[in-house]
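Some labels used for protein structures are only as good as the cut-offs behind them. Please look at the following model with that in mind.

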Amino acid sequence: MSATDNVMDKLVSLCKRRGFVFQSSEIYGGLGSVWDYGPLGVELKKNIKDRWWRAMVHARDDIEGLDAAILMHPRVWEASGHVAGFTDPLVDCRTCKSRFRADQIQSASCPRKPSKHPGEHTECDLTEPRLFNLMFKTFMGPVEEQAAVIYLRPETAQGIYVNYLNVLQASRQKVPFGIAQIGKAFRNEITPGNFIFRTREFEQMEMQFFVKPGTDSEWFERWREWRMAWHVELGLTPARLRWHPHGADELAHYAKAAYDIEYEFPFGWNEIEGVHNRTDFDLKRHQESSGKKLEYFDQAANERYLPYIVETSAGADRVTLTVLADAYREEQVEGETRVVLGLAPAIAPIKVAVLPLMKKEGMPDVADRIYRDVRGHMNAFYDDSGAIGRRYRRQDEAGTPFCVTVDADTLSDGTVTIRERDSMQQVRIAATQVPEWLRERIWGAPGS
Ligand code: GAP
């Protein structure tokens, strides 16, 4: 086993043990590359999505939110190019019935003889490469026929394009402006893997910014800068982030320019977000296909044009994995291994654990009162079972930044200790000050 597998295996195991992420339908043997978020995972992912929404929609005057349906008119996917072009070239083995991406044969192994690549074992019988569409198909209505075929969206972006005029008119925005959306997307990936990195059902956080042609390159650069800054503010290690510009051979059919933000995972550098200059490709295609004029009328300049689009597209699950991988560490403390998730306090699933030192002398009652008080301000957890050291370790693994401990002094002078996860330092403050003290350290502003 390589060191890389080791870190990922430890992370996957921690995620299951602590309730971040579970394999989908595990009691039936699991469903390939589909994952469920447990109590801590759902909080973490929600905190990431909320931060994105806050930065993209609430903190700006020029971006509106949208929540379009997953199911869309099938012609959307013809116009977007997905029916014809959202494909991977695949090769089947007639002997073992396995399927491989034609462009990844040299990194795949033959299921019958793993030391060889597909096609190299004497029994391999490979087909010619065939194009395989990655969209999930289903039927709408009671009749399962070609006319009723409908797709689960493979990206949220198209829901924004087809609604762009609705949003523009309803919000009275003017170009340049953007539309942001968070929602599920589905891709029948042939080589999914690396836990929640590449899955078949995932969530995207996408924003489409509509600009006047000619100003697109400027906006593209601005959005590159803002999106990288967002990941750094999320707490990711800057040295593990970099840009990957798409070369001509990598550019998607719709893009004039594209840059990926990449993160250095235990399994190597990989994309976490794309920033794309999509030109007027999408609006032009939808205008032609629907027959509806999608031009913007600029009253001040008295001119009409199809806006260009700068897209920022991040995966919520992928960013969640990034945050987990970046936060995971093991330390030696007094001869024992301490596993810590050093999550930024603002995105940690549990902000504070309240712990009575002992289950006697009224400590649980006092701790319970503090827990109820603090719970009104943030997600908190109460734990009175086991030795205090073990309780701290459980919270370290869950990424909880602070533990409040009620001890004998609390009963006499009303103070508690607060232990900080990363430094393990403890401070003593009045119990009544706990919510404000925590808020300041988690969100940076007392009373915010
Ligand atoms: N609308 C443009 C678009 O969808 P993309 O590069 O295909 O572009 C954007 O996807 C982001 O969505 C990726 O950077 C990644 O974070 C996330 N993503 C894409 N496919 C994914 C998958 N199979 N599993 C998890 N996340 C995925």
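What follows is a set of questions and answers that set computed values against the definitions of the terms used.

Q: What kind of model is this, and how are its residues numbered?
A: This is a predicted model, in which local features need pLDDT of at least 70 and side-chain atom pairs count only at pLDDT 80 or more, while totals for chains, interfaces and linings use all residues. Residues are numbered from 1 along each chain as its sequence is written, and side-chain values use heavy atoms, with hydrogens and water left out.

Q: How many helices and strands are there in the protein, and what makes a run of residues count as one?
A: There are 13 helices and 23 strands in the protein, each of them a DSSP run numbered from the N terminus, where a helix is H or I over at least four residues and a strand is E over at least two. The C-alpha trace spans about 75 × 70 × 50 Å along its principal axes.

Q: Why is W52 called buried or exposed, and what is W53 called?
A: Buried means under 20% relative accessible area, exposed means over 50%, and partly exposed is in between (1.4 Å probe, protein chains only). W52 has a relative accessible area of 0%, so W52 is buried, whereas W53, at 24% relative accessibility, counts as partly exposed. Of the 448 residues of the protein, 48% count as buried.

Q: Why is the pair of W52 and W53 called stacked, tilted or edge-to-face?
A: The structure holds 17 aromatic pairs. Rings of Phe, Tyr and Trp (its six-membered ring) pair if their centres lie within 6.5 Å, and planes under 30 degrees apart count as stacked, over 60 as edge-to-face and the rest as tilted. The centres of the W52 and W53 rings are 6.4 Å apart and their planes stand at 45 degrees, so this pair is tilted.

Q: What makes F402 and W437 an edge-to-face pair, and where do the two residues lie?
A: Their rings are 5.4 Å apart from centre to centre with 85 degrees between the planes, and the pair is therefore edge-to-face. F402 lies in strand 21 and W437 in helix 13, 35 residues apart, so that the pair links distant parts of the chain. Both F402 and W437 are buried.

Q: How do you know that helix 2 and helix 7 are in contact, and what is their geometry?
A: Contact means heavy atoms within 4.5 Å, and I48, R51, W52, A55 and M56 in helix 2 meet W223, R227, W230 and E233 in helix 7. By class, this contact has 6 nonpolar, no polar and 3 charged residues, where Ala, Val, Leu, Ile, Met, Phe, Trp, Tyr, Cys and Pro count as nonpolar, Asp, Glu, Lys and Arg as charged, and the others, Gly among them, as polar. Helix 2 (residues 39–58) and helix 7 (residues 216–233) pack at an angle of about 145 degrees with their axes 12 Å apart; axes are lines fitted to C-alpha atoms, for helices over the stretch in contact, and angles run from 0 to 180 degrees between N-to-C directions.

Q: What makes strand 20 and strand 23 the edge strands of their sheet?
A: The sheet is open, with 5 strands in the order 20-19-21-22-23 and mixed pairing. Strand 20 (380–382) and strand 23 (426–430) each pair on one side only, and two strands pair if DSSP finds at least two bridges between them.

Q: How do you know that strand 22 pairs with strand 21 and with strand 23?
A: Strand 21 (residues 402–406) is joined to strand 22 (residues 415–420) by 4 bridges and runs antiparallel to it, and strand 22 pairs with strand 23 in the antiparallel sense over 5 bridges, so both counts satisfy the requirement of at least two. V404 has I418 in strand 22 as its bridge partner, and V416 has I429 in strand 23.

Q: Why is Y259 called partly exposed, and which residues is Y259 in contact with?
A: The relative accessible area of Y259 is 23%, and Y259 is therefore partly exposed. Leaving aside its neighbours within four places in sequence, Y259, which lies in strand 12 (residues 257–265), is in contact with F220, R224, W243, H244, P245, E273, G274 and V275.
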